[in-house]
Amino acid sequence: MLYGELKQYRALITFDSLTQAMAAEKVFKKLDCPYALIPTPRTLRSGCNNALCFPHERKEIIDDLIDEMVVFTGVYEANNDGFAPLKW
Amino acid sequence: MIYLDNAATSWPKPQGVVEEMRRVMTNLAGNPGRGSNRAAVGTAHLVYIVREQIAGFFNSGAPQRVIFTNNTTHAINQALFGILQPGDHVITTSLEHNAVVRPLKALTELGVSVTEIPVVPGEKFPFAEFKASFQKSTKLVVTLQASNVSGNLLPIHKIGELAREKGVLYLVDAAQTAGIYPIDVKKMAIDLLAFPGHKGLLGPQGTGGLIIGPNITLCPLIYGGTGSLSESDRQPDFLPDALESGTLNVVGISGLGMGLKYIRKYGIDNIRMREQEKCQQLIDGLQTVPEVRIYGGTNASEKAPIVAFNIGGHDSMIISYLLDKEFGVISRAGLHCAPRAHTVLGTIDQGLVRLSPSHFTTEIEIEQAIEAVRNVAKELVDR
């Protein structure tokens, strides 16, 4: 089930720690990319109980996260059936 | 009251610290990492910002390698018990606070061995003895940066370089220097830095932290809830969660953040120079009082802002008591939780009186403190 901003944004990134999510937020803000902090879907649970969702069309931002040394555990594309690994 | 015990905890705090703590307590104060609600996320942001501030302040790089603790002692214990295993060897000095001495004592009972380098405050660091003390099993060097008894500094930059050459980790206890002397953990070859939030960093009591260098893994001192990996019985192995179980002191951390902001604005060099000026004024004045003996040298610019003295052979506790009771001058007497430093100084029985001004202390207050010591000295001598 899609919820909150995920319904609109459709891309999701998960983290081990909330501190990494905070570090990622900084990158999103810097690059003026919309995002929302939402509860991590149960099926993707990977450490941090919060995940960041963002517009699918901005998926290249993942490279910026890597450049900024943000540690994440997965990037997913949300569809009506669930989540699939996102390729960028 | 003339408060001259900033080496124990700084007071007053800069404008903004109390206000920020009140704001957080009134408006936010959710539990960071515990849920996705706006209260929890709000405080998580706040904590992250202060984590970043600290990483920037000490040039340590990744914010997640800054761990919040209750105080410096907690941070030192986390570092020592997190690294050392039975069979390991540690090098330390004779100036250390009980925050280092006692955990090391407990660790020796578990099979860790310790070499204590004899250091006399104000005299040169015995590098030859230090170099000769390394063993195959040496895992860690731990020293303070400045003595909390006399304010004398250790050459931590060179100690760090030597430890690094030997492939040994270096833990620095910055209880008396963080926020007073610039500390760059990268340039100074510091692997672990334990610091208080409530002294030179001008935050509230109950705050402190440990900076952990890259590629260093510590076993947790405390296990429990972190708000992450909740489905697992195992403690997370990623930072900062691995070493931050239980609810953080969010309100305190918010105050610490304001203390850091203030230091950046005022300038750490300006703070130190003002404090050293006040110490020099104290030293010069105290030297005119008969029977006063000053410990650790008389050049305030070479020390952390601490002036240590005694009056003749009188009990330091009585001197401190009279300064407070009769003149409202707040000092710290006794052994300052550092009995080894007092042994080296020859004051283990008498203790000594420590005066530690802040940059808020005025010249007039110092003049009044000197006169108070003069009067106490007269009273004690006339008895």
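In this predicted model, 25 residues of domain 1 of chain B are in contact with 22 residues of domain 2 of chain B. On the side of domain 1 of chain B that touches domain 2 of chain B, the residues divide into twelve nonpolar, twelve polar and one charged. The domain assignment of chain B places domain 1 at residues 17-265 and domain 2 at residues 268-382, and the centres of these two domains of chain B, taken over C-alpha atoms, are separated by 28 Å.

Within the range assigned to domain 1, the reader can turn to the sheet of chain B. Seven strands form this open sheet of chain B, in the order S2-S8-S7-S6-S5-S3-S4, and their pairing is mixed. Because strand S2 (66-69) and S4 of chain B stand at the edges, each with a single partner strand, one side of each is left without a neighbour in the sheet. Neighbouring strands of this sheet are turned against each other by 20° on average, direction ignored. Helix H3 (residues 72-83) of chain B packs on the sheet, where H3 touches S2, strand S5 (138-144), strand S6 (169-173), S7 and S8 of chain B, and the direction of H3 makes about 160° with that of S7(B).

Two of the strand pairs illustrate the mixed pairing in the sheet of chain B. Strand S3 (residues 89-93) of chain B runs parallel to strand S4 (residues 113-117) of chain B, and five bridges join them; in this pair B:Thr93 stands opposite B:Ile117 in S4(B). Together with helix H4 (residues 98-108) of chain B, S3(B) and S4(B) make a right-handed β-α-β unit. By contrast, strand S7 (residues 192-196) of chain B and strand S8 (residues 208-212) of chain B run antiparallel, joined by five bridges, and here B:Leu192 stands opposite B:Ile212 in S8(B).

Further along chain B, two helices cross. The axes of helix H9 (residues 316-327) of chain B and helix H11 (residues 363-382) of chain B come within 10 Å and cross at roughly 115°, and H9(B) passes H11(B) in a right-handed crossing. The contact brings B:Ile319, B:Leu322, B:Leu323 and B:Phe327 in H9(B) to meet B:Ala372, B:Val373, B:Asn375, B:Val376 and B:Glu379 in H11(B). By class, the residues of this contact of H9(B) with H11(B) divide into seven nonpolar, one polar and one charged.

Between the chains, 21 residues of chain B are in contact with 16 residues of chain A. The side of chain B that touches chain A has ten nonpolar, eight polar and three charged residues.

Chain A has an open sheet of five strands in the order S2-S3-S1-S4-S5, with antiparallel pairing. Its edge strands are strand S2 (36-39) and strand S5 (82-85) of chain A, each of which pairs on one side only, and the twist from one strand to the next averages 40°. At one of these edges, strand S4 (residues 74-79) of chain A and S5(A) pair in the antiparallel sense over four bridges, with A:Tyr76 standing opposite A:Pro85 in S5(A). Helix H2 (residues 18-30) of chain A lies across strand S1 (10-14), S2 and strand S3 (50-55) of chain A, and runs at about 20° to S3(A).

Conventions:
Residues are numbered from 1 along each chain as its sequence is written. Chains are lettered from A and ligands numbered from 1 in the order in which they are written. This is a predicted model: local features need pLDDT of at least 70, side-chain atom pairs count only at pLDDT 80 or more; totals for chains, interfaces and linings use all residues. Domain bounds come from an automatic or database domain assignment. Two residues are in contact if their C-beta atoms, placed from the backbone, lie within 7 Å. Ala, Val, Leu, Ile, Met, Phe, Trp, Tyr, Cys and Pro count as nonpolar, Asp, Glu, Lys and Arg as charged, and the others, Gly among them, as polar. Two strands pair if DSSP finds at least two bridges between them. A crossover is right-handed if, with the strands pointing away from the viewer, the path from the first strand over the helix to the second runs clockwise. Axes are lines fitted to C-alpha atoms, for helices over the stretch in contact, and angles run from 0 to 180 degrees between N-to-C directions. A crossing is left-handed if the near helix is turned anticlockwise from the far one by less than a right angle, and right-handed if clockwise.
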